[in-house]
Amino acid sequence: MANASGFLTPSVPSLRRKIQPSIGFSRFGFCFSEGISRRVVCSSGVEGVGTHVSPSQSRVSKLVSKGCKLVGCGSAVPSLSVSNDDLAKIVDTSDEWISVRTGIRNRRVISGKENLRNLAVEAARKALKMADVEPDDLDMILMCTSTPEDIFGDAPKVQRELGCTKSQLAHDITAACSGFVLGLFSASCYIRGGGLRNVLVIGADVISRFVDWTDRGTCILFGDAAGAVVVQACDADEDGLLSFDLHSDGEGARHLGAPIKDDEINDLLGSNGLALEFPPKRSSYACIQMNGKEVFRFAVRCVPQSIESALEKADLKASDVDWLLLHQANQRIIDAVATRLEFPPEKVISNLANYGNTSAASIPLALDEAVRSGKVKPGHTIATSGFGAGLTWGSAVIRWG
């Protein structure tokens, strides 16, 4: 995620003072590293004949004896399309100004009776149909969203609307634009370590509800959408979720967020930090606040490193990858990351121009379009990365089908 002002930065600064430790997963087990410049060492799941195996090694062996693969995808977008020219009627901007700085020309925004759950359910049904999986065959539903209809989460309600009659676990994952990658990671853990068979991962956000439509630095960027995939257990030699590299850094939260309004917090608390009145007033959230230049620097610095780390964990090189699929934040970020990783433009998936930044939905939405158009074919390897609020960022190397 980054706003238009972030693309006037003449250069990218050097690396931060310290690379945060990462958590990852490869076909050979769970991986922990102290920095992405360091070789990642993973426990092997292969047990030698006559070799004593510790309980921890045994657990790793059981964990990686099962693979998981993507067997279906789907997406949904609102009916209302808002063009750059439409935005030019309410803020000081133009189609040229927006498209040159962001690559965005249109975005979809919920209207009428549309809502987050409508989109999520539609995307999920399409994914289930492609996967030939019935709702009751699901073992779990992961709803990756930062804009739920209910503050306690929407996954159980999506479960109900899909017609699931079993009491499968359904819960939300809140990580904004990184949410879908974290959902894939969670699904792989539940399948490999928990014995689950089918996990539905949904990425959906209606960011339009938290946009200040008078702020041209942010209102031009965002759209609403949902995307979903079915992750299914398989034999280890068919594994399609090859590796992950995941990070977060709370120090960067000040550059991107939508916190509870400061004036309401001040009204509730006295100088000693105690509540001035009881019961307290109901709080509400501010619109999205973003320092575009800092978020841009963060993305072009950290995302290539994370993808390289994920590729190393998968024992692959960039040349082994068929497609690069990044979170659709801004075309200049996508181009900068592709250039650093030496991915040619024809191997980069982008649908940003039509939908804008759809947060947790952007990766599965773009994946679904690429699969259904025939661009992504069974057996293709994809390097993908989500990044944004938190700050959080994470990459995955996956094989479709």
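## A buried pair to start with

Is Arg192 buried or exposed? With a relative accessible area of 6%, Arg192 is buried. Keep in mind as you look around that this is a predicted model.

Arg192 has a charged partner: it forms a salt bridge with Asp239, and the closest N and O atoms are 3.2 Å apart. Asp239 counts as buried too, at 4% relative accessibility. The two residues come from distant parts of the chain, 47 residues apart. Arg192 sits in helix α6 (residues 179-194), while Asp239 belongs to the loop between β9 and β10 (241-248).

## Cys234 and its surroundings

Asp239 leads us to Cys234, since these two residues are in contact. Cys234 is found in strand β9, which covers residues 224-235. Because its relative accessible area is 8%, under the 20% limit, Cys234 is classed as buried.

Which residues does Cys234 contact beyond its neighbours within four places in sequence? Besides Asp239, they are Lys66, Gly67, Cys68 and Lys69. For Lys69, the separation along the chain is 165 residues, yet its C-alpha atom and that of Cys234 are separated by 6.7 Å.

## Two nonpolar cores

In soluble globular proteins, nonpolar side chains tend to be buried together. Here, the largest nonpolar core has 47 residues. Phe298, Ile307, Leu324 and Phe387 are the ones with the most contacts inside this core. At least two core residues come from each of α3 (95-102), α9 (292-313), β13 (323-326), α10 (331-341), β15 (381-388) and β16 (392-399). Helix α9 gives the largest share, with 10 residues.

Another core, of 35 residues, lies apart from that one. Among its members are Val181, Ile349, Ala370 and Ile398.

## Salt bridges between loops and helices

How many salt bridges does the structure hold? There are 13, and the Asp239 and Arg192 pair described above is one example of a salt bridge. Side chains of opposite charge can pair when their charged atoms come close.

Arg105 and Asp95 give another example, with their side chains meeting at 3.0 Å, N to O. Asp95 is in helix α3, whereas Arg105 is in the loop between α3 and β5 (106-109), 10 residues apart. Both ends are partly exposed: Arg105 has a relative accessible area of 42%, and Asp95 stands at 25%.

The side chains of Arg209 and Glu149 also meet in a salt bridge, again at 3.0 Å from N to O. Arg209 lies in the loop between β8 (198-206) and α7 (216-219), and Glu149 in the loop between β6 (140-144) and α5 (155-161), so this pair ties together parts that are 60 residues apart in sequence. Arg209 is partly exposed at 41% relative accessibility, as is Glu149 at 29%. Elsewhere, Arg117, Asp154, Arg160 and Glu161 are joined into one network by salt bridges that share partners.

## A nonpolar patch on the surface

Let's finish on the outside. Ile151, Phe152, Ile260 and Tyr285 form a nonpolar surface patch, and together they have about 500 Å² of accessible area.

Where in the chain does Ile260 have its place? Look in the loop between β11 (256-257) and α8 (262-268). At 30% relative accessibility, Ile260 counts as partly exposed.

Definitions and conventions:
Residues are numbered from 1 along each chain as its sequence is written. This is a predicted model: local features need pLDDT of at least 70, side-chain atom pairs count only at pLDDT 80 or more; totals for chains, interfaces and linings use all residues. Side-chain values use heavy atoms; hydrogens and water are left out. A nonpolar core is a set of buried Ala, Val, Leu, Ile, Met, Phe, Trp, Tyr and Cys residues joined through side-chain atoms within 4.5 Å. Buried means under 20% relative accessible area, exposed over 50%, partly exposed in between (1.4 Å probe, protein chains only). Helices (H or I, at least four residues) and strands (E, at least two) are DSSP runs, numbered from the N terminus. Contact means heavy atoms within 4.5 Å. Patches are made of residues with over 30% relative accessible area and no salt bridge: like charges are joined within 9 Å, nonpolar side chains (Val, Leu, Ile, Met, Phe, Trp, Tyr) within 5 Å. Accessible areas come from the Shrake-Rupley method with a 1.4 Å probe; for residues, only the protein chains shown count as cover. A salt bridge is a side-chain nitrogen of Lys or Arg within 4 Å of a carboxyl oxygen of Asp or Glu.
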